[in-house]
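Welcome! Take a moment to look over the sequence and the model below, and then we can walk through them together.

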Amino acid sequence: MGRKRASPVTVLFGWVRRQTMKVKILAGVVLALCSLVALKHSVKDHDYFFIFSEAIHAAGIFVLIYKLTTHKTCSGLSLKTQEITALFLAARLACSVLMELDAHSVLDMATLISTAWVIYMIRFKLKSTYIKELDNMPLYYLVVPCVILALIVNPFTRFCYFSQVLWAFCVFLESVSVLPQLRLMQNAKMIEPFTAHYVFALGVARFLSCAHWIIQVYETRGMYLFLIGSGYFWFPAALLAEAVQTFILADFCYYYVKSFMQGQLLMRMPV
């Protein structure tokens, strides 16, 4: 019998794996730019980017709920990432109450309730399966700098100063919320499927959110970054925060897709 021919996707990933880091980065940039162009021409209302992003984030949380209820284990999950997620969602909901309620508020409320349930399961019901030693990133390393930055850089709006700082705080905190989870996975070296699905969902959600900012900047020829009345540094800082989290998750998403195409149930983190 003849040798089985590899699929085009497998051949493509094999080619990428053999390339230097510079070529891989260039290929990732080209893929991201092509995705941005496709999104720009297919989605007319850019507000949908945020709605899709929040919906995908909620879907990732529901994947965790399925894991916790069926497998009865929270091994591989970072409690600290879930606590930070609950914190920035609560801050964003408070801003919605102070400013205006919309579809984003409904999605945020659903995600916050789901995240609170995940925290409850990890802290109490499935405490014996939580690997605290691997979840070792101090929360104050993330929360305190975000508070300080929010006091310095925040949007100028018609609402009170407190709501401005609170909004900036939730944007900055969201951008680093996944770091404890990535640190835990790096310590564990191996990642089971449901945790990988959850983090991949976060990566897709962040890319869509970042795409909104980039497309808005492009269509306004850069003027979107310095809108009058919005703070000289607020829009650039918010865009940078989105880009940071997207960049943080980009490497993980590459290895996730690679493992998925190779049919691997467990994903190994690169050292």
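Helices here are DSSP runs of H or I with at least four residues, numbered from the N terminus. With that in hand, we can place S209 in helix α9, which covers residues 193-219. Please keep in mind that this is a predicted model.

Let's step back to the whole chain. The protein has 10 helices and 2 strands, and along the sequence they follow the pattern α-α-α-α-α-α-α-α-β-α-α-β. Of its 271 residues, 45% count as buried. Among contacts with a separation of 6 or more, 78% join residues 24 or more positions apart. The protein exposes about 15,100 Å², with carbon and sulfur atoms supplying 70% of that area.

The unreviewed UniProt entry places the feature "transmembrane region" at several stretches, including residues 138-156 and 162-182. Here is how those two look in the model:

| Residues | Helix | Strand | Distance between end C-alpha atoms |
|---|---|---|---|
| 138-156 | 68% | 0% | 31 Å |
| 162-182 | 90% | 0% | 31 Å |

Now for the interior. The largest nonpolar core has 54 residues, and F172 and W234 touch the most other members. Helices that each supply at least two residues of this core include α3 (47-71), α6 (140-152), α7 (161-176) and α10 (234-261). Leaving out residues up to four places away in sequence, F172 touches C146, L149, A150, V153, W234, A237 and A241.

Finally, back to S209: is this residue buried or exposed? S209 is buried, because its relative accessible area is 1%, under the 20% cut-off. Beyond residues up to four places away in sequence, S209 touches F50, S53 and E242.

Methods
Residues numbered from 1 in each chain as written. Predicted model: local features only at pLDDT ≥ 70, side-chain atom pairs only at ≥ 80, totals over all residues. Heavy atoms only, no water. UniProt positions renumbered as here; feature names shortened; annotations may be inferred. Buried < 20%, exposed > 50% of the residue type's maximum accessible area, 1.4 Å probe, protein only. Contact = heavy atoms within 4.5 Å. Core = buried A, V, L, I, M, F, W, Y, C linked by side-chain atoms within 4.5 Å. Areas by Shrake-Rupley, 256 points an atom, 1.4 Å probe, with all protein chains shown as cover.
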